[in-house]
Amino acid sequence: MDLNTVQRVCDARTHGSWLPGDAWLGGGTYLFSEPQPHLRRLIDLSRTGWTPLRWRANGDLEIAGTCTIAQLFRGTGRSLFTQCCHAFLASFKIWNMATVGGNLCNSLPAGPMISLTAALDGVCLLRSPTGRERRVPVDEFITGAGENVLGEGELLRSVTLPAAALARTTAFRQASLYGFGRSGVLVIGTRDDDGSVQVTVTASTTRPIRIWFPLPPTGFELAAAIEDAVPGDAWFDDIHGLPEWRRHMTLRLAEEIRTELA
């Protein structure tokens with residue numbers, strides 16, 4: 001879609017001060033998908049030269065905000081990354097343009113990069129227009145459907161996944177109302193070497209919900225913990241699934257994950 005209110009596209013390295021009507025441009029798959037009448041200037045991140053995936057000496061993985069879904073898919077080879085990439089149900093054109101940072105900043109409940117990074121203890125590095133940086137866990141970065149903690153002009157520079165989380169055993173479940181529909185429920189379970197289990201609920205809720213158990217839970221304990229962790233108004237409601245259906249499928253898929261990890 002043409003953005004006919006945009007007057008200028010600037011290089012992010014030389015754009016100057018942040019102005020009203022500015023927006024960061026990563027892949028643009030959301031920005032160009034619908035009218036953006038409030039925008040006057042796009043700040044293009046494509047020439048920043050940020051390394052898409054950087055493995056640190058301690059085993060942590062830093063994912064640049066500009067890393068595309070295709071780069072993430074090709075650069076990791078891990079089953080959970082592959083499963084979350086496929087949860088986009090998007091064409092190769094989208095995979096080669098859409099970015100990890102854009103998916104998080106859009107903050108839609110069905111965002112599979114939110115699911116992936118929240119389940120693996122991801123921490124966002126945010127940078128303000130003045131250069132000030134702060135770190136926020138992914139499950140705290142997303143505050144609601146389409147809502148997050150970004151301030152005016154703040155940028156998601158990267159997401160770091162710790163080595164300990166990357167080493168965990170994982171289990172993935174996803175459900176949609178349609179064969180090739182948007183995720184209505186996406187649940188990820190992880191098990192650590194010490195026997196602890198973490199279940200992360202996304203897509204069915206307005207924000208990521210993470211539940212940690214020091215030991216593998218029973219089916220009753222898991223269901224009770226989910227019911228306790230998700231307030232009634234946090235079950236998402238849109239054309240891709242009613243809250244009652246999302247709750248039912250979350251409990252069902254979480255039980256499948258519990259059995260698999262056990």
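In this predicted model, strands E12 and E13 form a hairpin in which 5 residues lie between the two strands, and glycine 195, in the turn, has a positive phi of about 95 degrees. The pairing of E12 with E13 is antiparallel and extends over 6 bridges, and within it glycine 189 has valine 199 of E13 as its bridge partner. Strand E12, which covers residues 185–191, also pairs with another strand, since 7 bridges join it to strand E11 (residues 169–175), and these two strands likewise run antiparallel. In that pairing, threonine 169 is placed opposite arginine 191 of E12. Strand E12 is mostly covered, with 6 of its 7 residues buried.

The chain beyond strand E13 (197–202) enters a loop that leads to strand E14 (209–213), and alanine 203 lies in this loop. Although alanine 203 is not a glycine, its phi is positive, at about 70 degrees. Alanine 203 has a relative accessible area of 1% and is therefore buried, the cut-off for this class being under 20%.

Alanine 203 is also one of the residues that line the largest cavity. The structure holds 1 cavity of 30 Å³ or more, and the volume of the largest cavity is about 40 Å³. Its lining includes Thr202, Thr205, Thr206, Arg207 and Pro208, together with Ser107, Leu108, Pro109, Ile114 and Ile142. Sorted by class, the lining residues of the largest cavity comprise 6 nonpolar, 4 polar and 1 charged.

Ile114, named among the lining residues of this cavity, is also one of the buried residues of helix H5. Helix H5 spans residues 112–119, and 8 of its 8 residues are buried, so the helix is largely enclosed by the rest of the structure. The buried residues of H5 are Pro112, Met113, Ile114 and Ser115, followed by Leu116, Thr117, Ala118 and Ala119. After H5 comes aspartate 121, which has a positive phi near 60 degrees although it is not a glycine. Aspartate 121 is placed in the loop between H5 and strand E6 (123–127). With a relative accessible area of 22%, aspartate 121 is partly exposed, because this value falls between the limits of 20% and 50%.

Strand E6, in turn, is joined by 5 bridges to strand E7 (residues 133–137), and the two strands run antiparallel. Leucine 126 stands opposite arginine 134 of E7 in this arrangement. The hairpin of E6 and E7 has 5 residues between its strands, and glycine 131 takes a positive phi near 95 degrees there.

A further arrangement of strands is an open sheet of 3 strands in the order E1-E3-E2, with parallel pairing. Strand E1 (8–11) and strand E2 (22–25) stand at the edges of this sheet and each has a single partner strand, so that one side of each is left without a neighbour in the sheet. On average, and with direction ignored, neighbouring strands of the sheet are turned by 30 degrees against each other. Strand E2 is joined to strand E3 (residues 41–44) by 4 bridges, the two strands running parallel, and leucine 25 stands opposite aspartate 44 in E3.

A search of the whole structure for aromatic pairs finds 2 of them. In one of these, tryptophan 18 and tryptophan 24 form a tilted pair, with 5.1 Å from centre to centre and 35 degrees between the planes. Tryptophan 18 counts as buried at 18% relative accessibility, whereas tryptophan 24, with a relative accessible area of 22%, is partly exposed; the two residues therefore fall on either side of the 20% cut-off for burial.

Another loop position is that of aspartate 237, which is found between helix H8 (219–229) and helix H9 (243–261). At 47% relative accessibility, aspartate 237 counts as partly exposed, because exposed residues are those over 50%. Aspartate 237 and threonine 200 are 37 residues apart in sequence, and from C-alpha to C-alpha they are 19 Å apart in space.

Conventions:
Residues are numbered from 1 along each chain as its sequence is written. This is a predicted model: local features need pLDDT of at least 70, side-chain atom pairs count only at pLDDT 80 or more; totals for chains, interfaces and linings use all residues. Side-chain values use heavy atoms; hydrogens and water are left out. On a 1 Å grid over the protein atoms alone, a cavity is a set of points where a 1.4 Å probe fits but cannot get out, and a pocket is an open set with protein on both sides within 12 Å along at least five of seven lines; lining residues have an atom within 4 Å of a point. Grid points are joined across faces, edges and corners, and a volume is the space filled by probe spheres set on the points. Ala, Val, Leu, Ile, Met, Phe, Trp, Tyr, Cys and Pro count as nonpolar, Asp, Glu, Lys and Arg as charged, and the others, Gly among them, as polar. Two strands pair if DSSP finds at least two bridges between them. Axes are lines fitted to C-alpha atoms, for helices over the stretch in contact, and angles run from 0 to 180 degrees between N-to-C directions. Buried means under 20% relative accessible area, exposed over 50%, partly exposed in between (1.4 Å probe, protein chains only). Rings of Phe, Tyr and Trp (its six-membered ring) pair if their centres lie within 6.5 Å; planes under 30 degrees apart count as stacked, over 60 as edge-to-face and the rest as tilted.
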